[in-house]
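Here's a quick tour of a fold, with some attention to how its pieces sit against each other. Have a look at the structure first, then read on.

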Amino acid sequence: MKTILGNNITKAIEHLNNGDVIAMPTETVYGFAANALDESAVKKIFELKKRPFSQAISIQISSLSEIKKLIKVMPVNAEILAENFWPGPLTIIFDKSDYIPDLVTGGKSTVGIRIPQHEQSLSLLRKINYPLAVPSANVHNQISCTSAKEVFKKFENKINYILDGGASSTGIESTIVGFKKNQVIVFRLGAISINELEKVFKGKNIIVDQTKQTNKLGSTTPIFKFEDAKLLSEKSYNKIGVIHFDTELIGVIPKKNQVILSQKSDINEASKKLYTAIHKLNLCDLDKIYIKPFPDVDLGKSINQLIERLTSK
């Protein structure tokens, strides 16, 4: 199988219509995509990602008008979230209809749905008559890709087509939100911060339940949280990489082994570059990578949770 990297939406749709898996851009990270109603195509996603069949795959659509046949009911709080954050990096959990194959949802009665905020992907979604199953473009429990080139490096000759939409604009996964009765529950912190959700619900208590997000994320090079004492105990600084939020470590680690995510101290810029920085240092033949935690506010909370999942003890 030869992998084509391009920006031809028509060609991408041809592959989808043929039951193939493609990679496509979103504002969060790149995703694998297949016709969510075609079980054989969805199975290819699980196999490509080496993902357990018990783990659900979220669905992407182009507009709210498509959602009625996919879900049983539209909760009032879901309407509020959709009005404020769709298109955008928010996945909402619904009770699914029988229209969606159980394979997509890992046998569960619920499904995660979102409308992406990426014009190229929205254009593709508007031109097809089925929803797409779209998990992140990575091997299960490995870090995601935020550019078409990163997907190509990891999955060349394993998929037919990679739709190149440039670098992801947020660079971390979507926030996942669900409901229990009228209570809003965050199941994964992501590109939409708790503060943004609270503003919409005007101070209403929002529960964060990340018990299902405790699995570690893998990296070719072991990753540790940045601590001065740990770093100073290292014997070979040439084999150490450091990812900083905004300030370089002077005089110890070689400059080529350090990545500053935002010299302007901009959390949005830093989040966009985090995965790319890890991919870059993974190619540098290092023994360890240290990541300095972000300021623990707004989007920084989401990224610090992500760093917890990335780092070894």
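## Helix against sheet

Before we get to angles: axes here are lines fitted to C-alpha atoms, for helices over the stretch in contact, and angles run from 0 to 180 degrees between N-to-C directions. With that in hand, helix 3 (residues 76-85) runs at about 155° to strand 5 (90-95). Helix 3 lies across strand 9 (175-180) and strand 10 (183-188) as well as strand 5. Keep in mind that this is a predicted model.

## The sheet itself

Those strands belong to an open sheet of 11 strands with mixed pairing, ordered 1-8-2-3-7-4-6-5-9-10-11. Strand 1 (4-6) and strand 11 (207-208) are the edges, each pairing on one side only.

Zooming in on one pairing, strand 2 (residues 22-24) and strand 8 (residues 161-163) run parallel and are joined by 2 bridges. I22 has Y161 of strand 8 as its bridge partner.

## Helix 8, start to finish

How far apart are the end C-alpha atoms of helix 8 (residues 267-282)? They sit 22 Å apart, which agrees with the 22 Å expected for 16 residues at 1.5 Å a residue. There's still a kink of about 40° in helix 8, centred on L274. At the N-terminal end, D266 acts as a cap, with a side-chain oxygen 2.8 Å from the backbone nitrogen of N268.

L274 is also one of the buried residues of helix 8, along with others including I267, Y275, H279 and N282. The cover over the buried residues of this helix includes helix 5 (148-155), helix 9 (299-310) and strand 13 (240-244), among others.

Conventions. Residues are numbered from 1 along each chain as its sequence is written. This is a predicted model: local features need pLDDT of at least 70, side-chain atom pairs count only at pLDDT 80 or more; totals for chains, interfaces and linings use all residues. Side-chain values use heavy atoms; hydrogens and water are left out. Two strands pair if DSSP finds at least two bridges between them. Helices (H or I, at least four residues) and strands (E, at least two) are DSSP runs, numbered from the N terminus. Contact means heavy atoms within 4.5 Å. The expected span of a helix is 1.5 Å times one less than its number of residues. The bend at a residue is the angle between axes fitted to the seven residues ending there and the seven starting there. Buried means under 20% relative accessible area, exposed over 50%, partly exposed in between (1.4 Å probe, protein chains only). A polar contact is a pair of N or O atoms within 3.5 Å; within protein, one must be able to donate a hydrogen and the other to accept it, and residues adjacent in sequence count only if both atoms are side-chain atoms.
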